[in-house]
Amino acid sequence: DLRRYREIRQRGYPEGMTADDAGQFGDVVKKHFGPDSRLAIRGSAVTGLKFNGETQTYGLPEKDRSGNPTGRMRQFGKNSDFDFAIVDEKLLDDIKGHPELGQVAGNRPGRSLGIGLGDLNKAELAEHSPLWNLRETLKGFRNLTGREHSIMIYRSDSDIESRGPHMWLGQ
């Protein structure tokens with residue numbers, strides 16, 4: 001059921017944010033990657049529903065304390081994380097060229113796996129390099145929300161679009 005997704009898209013900003021918040025996230029990315037960089041958000045902040053890993057769809061059944069289904073679906077909540085994505089082909093190539101980031105690079109040609117501050121803090125990064133900028137971006141996101149987030153890097157808009165519901169931020 002993508003009714004909530006359509007409502008969120010029409011409103012113009014994701015769950016857990018105001019329109020100003022969405023613009024601030026976009027500003028953080030543009031500060032570190034330039035005016036042509038593009039930031040999207042995916043996941044429950046856009047659909048309103050938690051992802052169900054078993055069915056690979058949005059709509060994770062809510063359960064009571066005994067583990068019995070309640071008939072409702074789990075929704076985006078105050079402790080939910082944000083699933084950010086940046087479209088930047090050069091940044092993706094840089095990530096894939098850093099073996100110390102290990103599994104983060106993944107074997108997917110169109111995107112990285114999720115990258116968190118912990119991954120980037122372990123790597124030796126030259127100041128103002130693309131990966132240093134990514135680390136600063138994630139710090140900026142943490143400062144805006146008070147929570148840790150991860151981010152995926154995509155080669156193109158179509159690579160994000162093929163993965164499902166998303167929303168562009170700070171456009």
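This short presentation covers the nonpolar cores and the salt bridges of one predicted model.

I begin with the interior. The largest nonpolar core comprises 32 residues. L39, I41, F84, L134, F141, I151 and I153 have the most contacts inside this core. A second core, separate from that one, has 7 residues, among them A40, A85, M152 and W168. As general background, nonpolar side chains in soluble globular proteins tend to be buried together.

Let us take F141 as an example. Setting aside neighbours within four places in sequence, F141 contacts F25, V28, V29, L39, F84, H149 and I151.

I turn now to the charged side chains. The model contains 6 salt bridges, and I shall discuss three pairs.

In the pair D93 and R155, the closest N and O atoms are 3.0 Å apart. This salt bridge connects distant parts of the chain, with the partners 62 residues apart. D93 belongs to helix α4, residues 89–96, whereas R155 sits in the loop between β7 and α7. D93 counts as partly exposed because its relative accessibility is 42%; R155, at 24%, is also partly exposed.

K139 pairs with E136, at 3.3 Å between the closest N and O atoms. Both residues lie in helix α6, 3 residues apart, which is about one turn of the helix. K139 is partly exposed, with 27% relative accessibility. As for networks, E89, D93 and R155 are joined into one by salt bridges that share partners.

The third pair is E15 with R11, where the closest N and O atoms are 3.8 Å apart. Which of the two is buried, and which partly exposed? E15 is buried, at 16% relative accessibility, while R11 is partly exposed, at 33%.

Conventions: Residues are numbered from 1 along each chain as its sequence is written. This is a predicted model: local features need pLDDT of at least 70, side-chain atom pairs count only at pLDDT 80 or more; totals for chains, interfaces and linings use all residues. Side-chain values use heavy atoms; hydrogens and water are left out. A nonpolar core is a set of buried Ala, Val, Leu, Ile, Met, Phe, Trp, Tyr and Cys residues joined through side-chain atoms within 4.5 Å. Buried means under 20% relative accessible area, exposed over 50%, partly exposed in between (1.4 Å probe, protein chains only). Contact means heavy atoms within 4.5 Å. A salt bridge is a side-chain nitrogen of Lys or Arg within 4 Å of a carboxyl oxygen of Asp or Glu. Helices (H or I, at least four residues) and strands (E, at least two) are DSSP runs, numbered from the N terminus.
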